Amino acid sequence: MEIPICKWCNKNGGKALAVACKGGICIWAASYPGNTTSVRSGVTLGTLYRGSGTKWTLVDFLQRPEEEQIIALSWRTNGKYLALASFESSSFIIWDVVEGVGTPIRRGLWGISLLRWSPSGDYFLSAKFDGTFYLWETNTWTSKPWSSTNGFVMGAAWDPDGSRILIAFSESSTLGSIHFATGPPSLDAHLIPVELPEIQSLTGSRGIDKIACDASGERLALSYRDADDLYKGLIAIYDVRRSPLISTSLVGFIRGPRDHPKPIAFSFHDKFKEGPLLSVCWTSGFCCTYRLIFHSHVLP
């Protein structure tokens, strides 16, 4: 069974959900009493109900060639644009969700594995399975190519102000931090390693799987592969300092419920005002939310 890729749109409190499937993207929107959603003409209506009068309505279907399997999705923060890529396509698509029109960006980019908009939408990351990745400025969609000898990009997380991005590689326990020297649309940037010595020394792992940063950029969650039995399947939590360069301090680990679960997906809540709130889906079938309330390290 193929597992669909889902991405929340954070605009307006996460009331839109994109679900990838063969042939396109389903866009679902939340409706509340007195606040109905509009459905684009020609879309077959589908509705799912939750408690408290909330319902999810299929408001659009962004159609791609038949049997094309979407493998990467990323919303722009404003909720107007959705980027998507598939195994079969040689370019990624920027879809205007309002107009229902998709625009391909540059041919010859086979094998895209990951897409990420920056918070402001001025920059964009696309990564491929061969270890190359591209940073784009989205005014003219000009790009700068990069390459890695540490495997392909497994995860990426933008800094809240979009001035840097953390990148995890499949064959390394060290993250990369790309710093932009000036603001957009400049692509002048520098790659600086961010060491995570505990990942190898404590867990025995040599590769990062997924990463996520909270809205403040001060908390980092990551999963890793091929660890020792004691640390297998855990999520590591780091405190992050961002000035002048990114550095990290290990806070601890999160273990999922039941026997030997592994994290499938995890994400921080972008709007929770009382501290970092991390939601995790585990292979044991549980989806758990963790309040990570602790103080940052204060330098003397």
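In this predicted model, the side chains of strand 15 (164-169) fall into two sets: Arg 164, Leu 166 and Ala 168 point one way, Ile 165, Ile 167 and Phe 169 point the other way, and all of them are buried. Because 6 of the 6 residues of strand 15 are buried, this strand is largely enclosed by the rest of the structure.

**Partners of strand 15**

Strand 15 pairs with strand 14 (153-158) in the antiparallel sense over 5 bridges. Within this pairing, Gly 155 stands opposite Ala 168 of strand 15. The two strands form a hairpin with 5 residues between them, and Gly 162 in the turn has a positive phi of about 75 degrees. Strand 15 is also joined to strand 16 (residues 175-180) by 4 bridges, again running antiparallel. Here Ile 165 has Ile 178 of strand 16 as its bridge partner, and a hairpin of 5 residues connects strand 15 to strand 16. In general, strands of a sheet pair through backbone hydrogen bonds, either parallel or antiparallel.

**The cavity**

The model contains 1 cavity of 30 Å³ or more. About 70 Å³ of space lies in the largest cavity. Its lining consists of Ala 157, Trp 158, Asp 159, Arg 164, Ile 165, Leu 166, Cys 213, Gly 217, Val 240, Arg 242 and Ile 246. By class, these residues divide into 7 nonpolar, 1 polar and 3 charged. Strand 14 and strand 15 each supply at least two residues of the lining, and strand 15 gives the most, with 3 residues.

**An open sheet of four strands**

Further along the chain, 4 strands form an open antiparallel sheet in the order 18-19-20-21. Strand 18 (207-213) and strand 21 (247-254) are the edge strands, each pairing on one side only. From one strand to the next, the twist averages 30 degrees. Strand 18 and strand 19 (residues 219-225) pair over 6 bridges in the antiparallel sense, and Gly 207 has Arg 225 of strand 19 as its bridge partner.

**Backbone features in the loops**

Most residues other than glycine have a negative phi, and most peptide bonds are trans. The following table lists residues that depart from these patterns, with their loops.

| Residue | Backbone feature | Place |
|---|---|---|
| Pro 185 | cis peptide bond with Pro 184, omega about 10 degrees | loop between strand 16 and strand 17 (189-194) |
| Pro 244 | cis peptide bond from Ser 243, omega near 0 degrees | loop between strand 20 (235-241) and strand 21 |
| Arg 258 | positive phi of about 75 degrees | loop between strand 21 and strand 22 (263-268) |
| His 260 | positive phi near 50 degrees | loop between strand 21 and strand 22 |

Arg 258 counts as exposed because its relative accessibility of 62% is over the cut-off of 50%. His 260 is exposed as well, with a relative accessible area of 75%.

**Cysteines**

A disulfide is a covalent bond between the sulfur atoms of two cysteines. The count of disulfides in this model comes to 0. Cys 288 is in no disulfide, and the nearest cysteine sulfur, that of Cys 287, is 7.3 Å away. Because a disulfide requires the sulfur atoms to lie within 2.5 Å, this distance does not qualify. Cys 288 is buried, with a relative accessible area of 18%, while Cys 281 is partly exposed, with a relative accessible area of 31%.

Technical notes: Residues are numbered from 1 along each chain as its sequence is written. This is a predicted model: local features need pLDDT of at least 70, side-chain atom pairs count only at pLDDT 80 or more; totals for chains, interfaces and linings use all residues. Side-chain values use heavy atoms; hydrogens and water are left out. On a 1 Å grid over the protein atoms alone, a cavity is a set of points where a 1.4 Å probe fits but cannot get out, and a pocket is an open set with protein on both sides within 12 Å along at least five of seven lines; lining residues have an atom within 4 Å of a point. Grid points are joined across faces, edges and corners, and a volume is the space filled by probe spheres set on the points. Ala, Val, Leu, Ile, Met, Phe, Trp, Tyr, Cys and Pro count as nonpolar, Asp, Glu, Lys and Arg as charged, and the others, Gly among them, as polar. Two strands pair if DSSP finds at least two bridges between them. Axes are lines fitted to C-alpha atoms, for helices over the stretch in contact, and angles run from 0 to 180 degrees between N-to-C directions. Buried means under 20% relative accessible area, exposed over 50%, partly exposed in between (1.4 Å probe, protein chains only).
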